[in-house]
Amino acid sequence: MLNGGDGPVSYNEHILPILKKHCVGCHGNDKQKAGLNLQSYSNALKGGSGGGVLVAGRSSKSTLYQAIIDPDDDSRMPPEKPPLPDDQIDLIRLWIDTGLRQASSDKSLVKDRNTDFHPAATAGQQPESPAVPRGIPQIEIEPTTRPLPVLSMDSSPWAPLLAVAGQGYVTLLDSETYREFGKLPFPEGVPHVIRFSRDGSVLLVAGGKPADSGKVALFDVRDGRRLLTLGDENDAIQTADISPDLKMVAIGGTNRKAKVFSTKDGKQLYEITKHTDWILALAFSPDGKQLATADRSGGLHLWDAANGGILLTLAEHKAAIRAIDWRPDGKLLASAGEDGKLVWWDTKDGWPSIQKTNAHPPTRPSGAYGDIPNGILAAKFDQQGNLVTSGRDKKVRVWDPSGSILSTHDAGDSLPLQALISYKGNILHSGDNEGKLHNWRLK
């Protein structure tokens, strides 16, 4: 993580030492130029004679941060000295953007509101110039004893770009070469969900810390800026999605509720309470009119995305549904579960269009008795309507639009937790329980 620790960036632990070294000589207890005292948390929030210098969640609107990064030598703070080191500037930016905490255990001062997020009128459409990262700020990563399993990953729909979960961050990679563009900090915890918007310009990251907190963050894909922070859950968020027009974000988790927020002001629009178990998967339809939600008991429902009204209940699964995804034309919804079932649903009438009752049949080890796990862990459509799945049989499969197997790929001894096809449809990617990425060239 950027701060090199386990908790969020805080004033007491991370920011005050920087201010004492560079700022309190002019803005401290003994001397307050422009009436500004940065030596105490309360005075720093109060600001100076010209008003506040800190805006929770908005470093772009915080006078203190802007003075520190000013390119003009005569205007930059501290005066007549070299600029602050990049890692210290990044800490101050992250402290502001994540809510100006005094201590790491404090709650963020960001009140689930909009920051710099303004969806374009063409959001959701194929862009003329696909978003590709340029100049993502470097962050320091805390060493770990072993890599985090690839709990989430996604591919840009219009560019050679992969986003892969790490411990407190998301790595952006070239999907052709695996060259790294940079890392996006997620100090809120583990990213359980990564989703590109349908136009590829925004990256949604959601997750948190189990039995403690959960958040959603939206990032600008081009420069890595955090645009918006949403939600204040008491557990890690298990699933999330952003609507095609970028106006709504839906989340689900262990509280058995699906909540939908506005990206305009960060306010909750409505919540869905029909589920009786953890919500593990949800997704907006490609036209943004429907929202599908699925839970740990096999419950699967379609809702009116505008108001949360129930449209259909899709009853087929008898165990946890691990993944759902809409075909790009919006006519079919795929669901995949721990019961081994893979279903393509006709969302007009709610009946299965195609169904595989044992999509990833396991091989029985010699001397093994009883049931062998045959669950499906991931399911995702590509741009051509082919579906890729991964299962507990340690195989990754590609299915054509008619439900026939196009190819099967062996993940070896690892468990393929995630699987998807790159935007051109020529590379199959998978992430496993050991934190490794695999890829296969497709015809």
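**Lys341 and its surroundings**

I began with Lys341, which I found in the loop between strand 18 (332-337) and strand 19 (342-346). I note at once that I am reading a predicted model. I asked whether Lys341 is buried or exposed; with a relative accessible area of 15%, Lys341 is buried, because the cut-off for that word is under 20%. Setting aside residues up to four places away in sequence, I listed what Lys341 touches, and the list runs through Glu316, His317 and Lys318, then Ser335 and Ala336, then Gln355, Lys356 and Thr357, and ends with Ile376.

I followed one of these partners, Gln355, and located it in strand 20 (residues 351-356). Gln355 and Lys341 stand 14 residues apart in sequence, and I read 7.2 Å between their C-alpha atoms. Unlike Lys341, which is buried, Gln355 is partly exposed, at a relative accessible area of 30%. Beyond its neighbours within four places in sequence, Gln355 is in contact with Glu316, Lys341, Leu342, Val343 and Trp344. I marked Glu316 in my notes, since it is listed for Lys341 and is listed again for Gln355.

**The chain as a whole**

I then stepped back to the full chain, where I counted four helices and 27 strands. The radius of gyration is 23 Å, close to the 22 Å that the globule rule gives for 443 residues, so I wrote the chain down as being as compact as a globular protein of that length. Along the principal axes, the C-alpha atoms fill a box of roughly 75 × 45 × 45 Å.

How much of the chain counts as buried? I found 56% of the 443 residues in that class. The accessible surface comes to about 19500 Å², and carbon and sulfur atoms account for 47% of that surface. For contacts between residues at least 6 apart in sequence, I noted that 48% join residues at least 24 apart. On charge, I recorded 51 positive and 53 negative side chains, with the centres of the two sets lying 2 Å apart.

**Two residues in strands**

I looked up Thr171 next and placed it in strand 3 (residues 169-174). Thr171 is buried, with a relative accessible area of 12%. The C-alpha atom of Thr171 is separated by 4.4 Å from that of Lys183, although the two residues are 12 apart along the chain. Lys183 is also one of the residues that Thr171 touches once those up to four places away are left out, and the others are Leu162, Ala163, Val164, Glu180 and Gly182.

Gly214 came after that, and I found it in strand 7 (residues 213-220). I read a relative accessible area of 1% for Gly214, and it is therefore buried. Its contacts outside the four nearest places in sequence include Gly207 and Gly208, and also Gly231, Asp232, Glu233, Asp235, Ala236 and Ile237. I also took the distance from Gly214 to Ser105, which is 109 residues away in sequence, and obtained 14 Å from C-alpha to C-alpha.

**Backbone features in loops**

I checked the backbone for unusual angles and began with a cis peptide bond, which joins Met77 and Pro78 with omega at about -5°. Pro78 sits in the loop between helix 3 (63-69) and helix 4 (86-97).

Ala34 is not a glycine, yet I read a positive phi of about 55° for it. Ala34 belongs to the loop between helix 1 (11-22) and helix 2 (41-46), and it is exposed, with a relative accessible area of 54%.

Lys394, another residue other than glycine, has a positive phi near 65°. I placed Lys394 in the loop between strand 22 (387-391) and strand 23 (395-399), where it is partly exposed at a relative accessible area of 30%.

**Cysteines**

Last, I asked how many disulfides the count gives, and the count came to zero. Why is Cys23 not bonded to Cys26? The sulfur of Cys23 lies 8.7 Å from that of Cys26, the closest cysteine sulfur, and this is too far for a bond, because a disulfide needs the two sulfur atoms within 2.5 Å. Cys26 is likewise in no disulfide, its nearest cysteine sulfur being that of Cys23. I noted finally that Cys23 counts as buried at 11% relative accessibility, whereas Cys26 counts as partly exposed at 25%.

Conventions:
Residues numbered from 1 in each chain as written. Predicted model: local features only at pLDDT ≥ 70, side-chain atom pairs only at ≥ 80, totals over all residues. Heavy atoms only, no water. Rg over C-alpha atoms; globule rule 2.2 N^0.38 Å. Buried < 20%, exposed > 50% of the residue type's maximum accessible area, 1.4 Å probe, protein only. Contact = heavy atoms within 4.5 Å. Areas by Shrake-Rupley, 256 points an atom, 1.4 Å probe, with all protein chains shown as cover. Lys, Arg positive; Asp, Glu negative; His and termini not counted. Charge placed at Lys NZ, Arg CZ, Asp CG, Glu CD.
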